[in-house]
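Good morning, and thank you for joining. I would ask you to look at the structure as I speak, since I shall move between two residues and one pocket.

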Amino acid sequence: MKLTAILATASVLIGCCFAVVFLELLVKLDPGAGNLITFTQFAFIALEGFIFTAKFGAAKRVIGLKDYGLLVGMFFVTSVINNYVFQLNVPMTLHMIIRGGSLISNMCLGSIILNRHYKFEQYVAVLMLSVGIFICTYCSSQDVERVKDNQHESNFVWWLVGVLLLVLALFISSYMGITQELLYRRHGKHAREALYYTHLLPLPAFLFMHDNISAHWTLALQGERYICHWLGGLAVPLLLVYLLGNVLMQHLCISSVYFLTTEYSSLTVTLILTLRKFISLVFSIIYFRNPFTIYHWLGTVLVFVGTLMFTNILNFKRKVKNK
């Protein structure tokens, strides 16, 4: 493997995994900080894009703003939902497993909109994904019911709303991918430009969330402090430290995935991202001691093996070995 491939793979694993770690640290301190997290990520990536992609506004735009409209709206909605559902009692482990089922929504919309046809093995793989996600969701629902019995209050309804919102975001994200694919067919691949404008254009929409963002920013400033000994004992709000870590790692994650998709095959990218999701899940279970039974493991194995089967990675590896 070339040095660039090693560095890009390492950047994806480090950036994406640590972004999830910082996200879980954030939601444990403040489960309602989803809008604050989303806004900070959008603002940082938009600022970076303004400097390095738009060249302070001097670079000529290839794709028109009108063409970006639907793409921007869908990206904004999915980003807000994915960070907001933590406030609705959705655990991080279930969050990662459901988002790992994007192949199900991709297949459904691909068949309906693009009239795509799939192999028998891919239908089997999607069935495994569906069963795996159902098992994990059912087991997580039992945990919510136990909490309900102990605290004499029902969190199950809000948990169910959170799960349904995640599924909705999954299908919106898949449709966004199809829209982006059609957009690239007309104008060519300009992923860096798309990344910049999908984060810049939704920024005014956060004005409608101003009160919520401001409230959680105030909570962050008033929260637990972290002593920076390397800054002369300066006390910094711990939540802001985690927020900064999440934003920087999220940017590294997105930039690295972009590099991989432009330089290497989709099989290689899918394998690396699948490995990243599995590492994040295992780390979340072990380090944060999240509840995870044998049934959760069964569902997880079905999800990840189904992903590998759908993308034909297993057969691809076998063919390479035979050659």
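Let us begin with S256, which is buried, because its relative accessible area is 7% and the cut-off for buried is under 20%. Please keep in mind that this is a predicted model.

S256 sits in helix α10, which covers residues 238-263. Within that helix, a polar atom of the S256 side chain lies 2.7 Å from the backbone oxygen of L252. Which residues does S256 contact, once neighbours within four places in sequence are set aside? They are A8, S11 and V12. The C-alpha atom of S256 is also 9.2 Å from that of L13, although 243 residues separate the two along the chain.

I turn now to N290. This residue belongs to the loop that runs between α11 (266-287) and α12 (294-310). Is N290 buried or exposed? It is buried, with a relative accessibility of 14%. Its side chain forms a polar contact of 2.8 Å with the side chain of S284. Beyond four places in sequence, N290 touches S284 and I285, and also E24, K28 and T93.

N290 leads us to the second largest pocket, which holds about 510 Å³ of space. Its lining comprises 19 residues, and those closest to the centre are N89, V90, P91, M92 and N290. By class, ten of the lining residues are nonpolar, six are polar and three are charged. Helices α1 (3-29), α4 (92-99) and α6 (120-151) each contribute at least two residues to this lining. The greatest contribution, four residues, comes from α6.

Key:
Residues numbered from 1 in each chain as written. Predicted model: local features only at pLDDT ≥ 70, side-chain atom pairs only at ≥ 80, totals over all residues. Heavy atoms only, no water. Buried < 20%, exposed > 50% of the residue type's maximum accessible area, 1.4 Å probe, protein only. Polar contact = N/O pair within 3.5 Å; in protein donor to acceptor, adjacent residues only side chain to side chain. Contact = heavy atoms within 4.5 Å. 1 Å grid on protein atoms, 1.4 Å probe; cavity = no way out; pocket = protein on both sides within 12 Å on 5 of 7 lines; lining within 4 Å. Points joined across faces, edges and corners; volume = space filled by probe spheres on them. Nonpolar A, V, L, I, M, F, W, Y, C, P; charged D, E, K, R; others polar.
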